[in-house]
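Q: I would like a close look at a single part of this model, followed from the residue outward to its surroundings. Please take it step by step and keep the argument connected.
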Amino acid sequence: MTNQKTYHGTREEIRVSENEYIRSIQGLILNEEAEEATVNYMNYGGYKLLFSFRALFIGMKSVYLASIVDVSINSGSLFIFEGKWDSKSFILAAHKTLVMIYPNALFKHKRGILLDFGTIAYGVLVQFNGLNIEECLSGGDLVQLPVLEFENLTDYEWIEDVMEQENED
């Protein structure tokens, strides 16, 4: 990531911050993909989370806006990433929000929530970027293989490793 901004607040404050940022963009939005989902975590203590993920291409750079808000307590965060995508920064930012709003949540519950958020981000990123194709020679034939650079967002073991690294720091 070249630049990351984080805003904490209520659902409405996060929406206002997101809209203000989009209005402040100097240039035309050439491509946009987005997804929003509300998920109930009855087995995790009744959490009800609103996930939002947007990817924008503006001229020479990409911008990613991600938010996670607990609908019940009306608290969460908005993350704005400008430049090259970095999955680890995304998971770390989301994890910090979960620790802030659920200080007593179990590790496995936070990991499950991050996996769901990562899966939403993965879907948007694949649509936004398309599948990158890597060409290689196999037995003299040219073979095209998809490069799944965002796949770690759907890997609970990788997410767990990132969470544990953050806890060590």
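Is Ser 89 buried or exposed, and what is its relative accessible area?

A: In this predicted model, Ser 89 has a relative accessible area of 17% and is therefore counted as buried, since the cut-off for that class is under 20%. The residue lies in helix α2, and its side chain makes a polar contact with the side chain of Asp 86, at 2.7 Å. Ser 89 can also be placed relative to a remote part of the sequence: its C-alpha atom and that of Gln 4 are separated by 8.7 Å, although the two residues are 85 apart along the chain.

Another serine of the helix offers a second view of these surroundings. Ser 87, which is likewise found in helix α2, has a relative accessibility of 7% and so counts as buried. Leaving aside residues up to four places away in sequence, Ser 87 touches Asn 152, Leu 153 and Trp 158. Leu 153 appears again among the contacts of Phe 90, which, with the same exclusion of sequence neighbours, also touches Phe 53, Ala 66, Phe 81, Trp 85, Phe 117, Gly 118 and Ala 121.

Phe 90 leads into the nonpolar interior. The largest nonpolar core has 33 residues, and Phe 90 is, together with Phe 53 and Trp 85, one of those that touch the most other members. Two or more residues of this core come from each of β3 (47–58), β4 (61–70), β5 (75–82), α2 (87–101), α3 (107–129) and α4 (156–168), with α3 giving the most, namely eight residues. Apart from this core lies another, of 11 residues, which includes Ile 14, Val 63, Leu 65 and Leu 78.

The helix that carries Ser 89 can next be set against the sheet. Helix α2 lies across β1, β3, β4 and β5, and runs at about 165° to β5. These strands belong to an open sheet of five, with antiparallel pairing and the order β1-β5-β4-β3-β2. At its edges stand β1 (3–9) and β2 (29–41), each of which has a single partner strand, so that one side of each is left without a neighbour in the sheet. Direction ignored, neighbouring strands of this sheet are turned by 10° against each other on average.

Within the sheet, β5 deserves a closer description. Seven of its eight residues are buried, so β5 is largely enclosed by the rest of the structure. Seven bridges join β5 to the antiparallel strand β1, and here Asn 3 has Glu 82 of β5 as its bridge partner. With β4, the strand β5 pairs in the antiparallel sense over eight bridges; in this pairing Ile 68 stands opposite Ser 77, while Asp 70 has Ser 75 as its bridge partner. The hairpin formed by β4 and β5 has four residues between the strands, and there Asn 74 takes a positive phi near 55°.

Finally, the whole chain gives the setting for this part. The protein comprises four helices and seven strands, which follow one another from the N terminus as β-α-β-β-β-β-α-α-β-β-α. Of its 169 residues, 40% count as buried, and among contacts with a separation of 6 or more, 58% are between residues 24 or more positions apart.

Notes: Residues numbered from 1 in each chain as written. Predicted model: local features only at pLDDT ≥ 70, side-chain atom pairs only at ≥ 80, totals over all residues. Heavy atoms only, no water. Buried < 20%, exposed > 50% of the residue type's maximum accessible area, 1.4 Å probe, protein only. Contact = heavy atoms within 4.5 Å. Core = buried A, V, L, I, M, F, W, Y, C linked by side-chain atoms within 4.5 Å. Pairing = 2+ DSSP bridges. Axes fitted to C-alpha atoms, helices over the stretch in contact; angles between N-to-C directions. Polar contact = N/O pair within 3.5 Å; in protein donor to acceptor, adjacent residues only side chain to side chain.
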